[in-house]
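Colleague: I am new to this one. Could you walk me through the labels and how each was reached?

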Amino acid sequence: MHGPALSGWLLVVLCAASGAYCLLRMRTGGADGRGAAGSEAVMGFGMAAMALPAAVLSPPEWSWAVYAVVFGLAALHGLVGAVRHGGHHVHHLVGSLAMVYMALAMAAQPAGHGGGHAGHGGAAASGGIPVLTGVLLAYYGVYVLRSGARLVPGAASGGAAGAVAGGGAELTLVCRLSMGLAMLAMLLAL
């Protein structure tokens, strides 16, 4: 009773809240900061939509193609940012490509297999390429551990502690950590 539907709803709330916070972040900071916040908002809301339990909304078959196109465009934007600036834009590129991968894997699944949602996959409805899924799981596992370690007081050394010490910077890191955890959950459910 409290299985996949509950975890799907928790992912929806977590990702939607992260997306909303990222929209609020777009109001402050420089152009690069607003662009990163916008990319993260798209990711958060997209992940929330993909995690909706199938019992609530059974998406039409074409919706996975829409997700793939939207996140394909986000991946192109991330690629341009990664080439120009590097840094966190590379993470946006990986995240967008992971979303494209999950959308394509869900589109390839038979209609009645696992409810059609990444948050509702189950053991019988494995989708995707196991090696690629494993690489993405390893990437997000390391990302989550690194992000979480940066939040531990005293764990960061010198300048890194100052970069996270401000309340806004900590909340941004928590938002990114939350979306990384949600991505891990979605990949595991794939």
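What follows is a short exchange on aromatic pairs, burial and one helix.

Modeller: This is a predicted model, where local features need pLDDT of at least 70, side-chain atom pairs count only at pLDDT 80 or more, and totals for chains, interfaces and linings use all residues. Residues are numbered from 1 along each chain as its sequence is written, and side-chain values use heavy atoms, with hydrogens and water left out.

Colleague: Why is the pair Tyr-139 and Tyr-140 called edge-to-face?

Modeller: Rings of Phe, Tyr and Trp (its six-membered ring) pair if their centres lie within 6.5 Å; planes under 30 degrees apart are stacked, over 60 edge-to-face, the rest tilted. Here the centres are 5.1 Å apart and the planes stand at 90°, so the pair is edge-to-face. Tyr-139 and Tyr-143 are stacked, at 6.5 Å and 15°. The count comes to 4 aromatic pairs.

Colleague: What makes Tyr-140 buried and Tyr-139 partly exposed?

Modeller: Buried means under 20% relative accessible area, exposed over 50%, partly exposed in between (1.4 Å probe, protein chains only). Tyr-140 has 3%, so it is buried. Tyr-139 has 28%, so it is partly exposed. Tyr-143, at 10%, counts as buried.

Colleague: How do you know that the span of helix α3 agrees with what is expected?

Modeller: Helices (H or I, at least four residues) and strands (E, at least two) are DSSP runs, numbered from the N terminus. The expected span is 1.5 Å times one less than the number of residues. Helix α3 (residues 63–85) has 23 residues, so it should span 33 Å; its end C-alpha atoms are 32 Å apart, which agrees.
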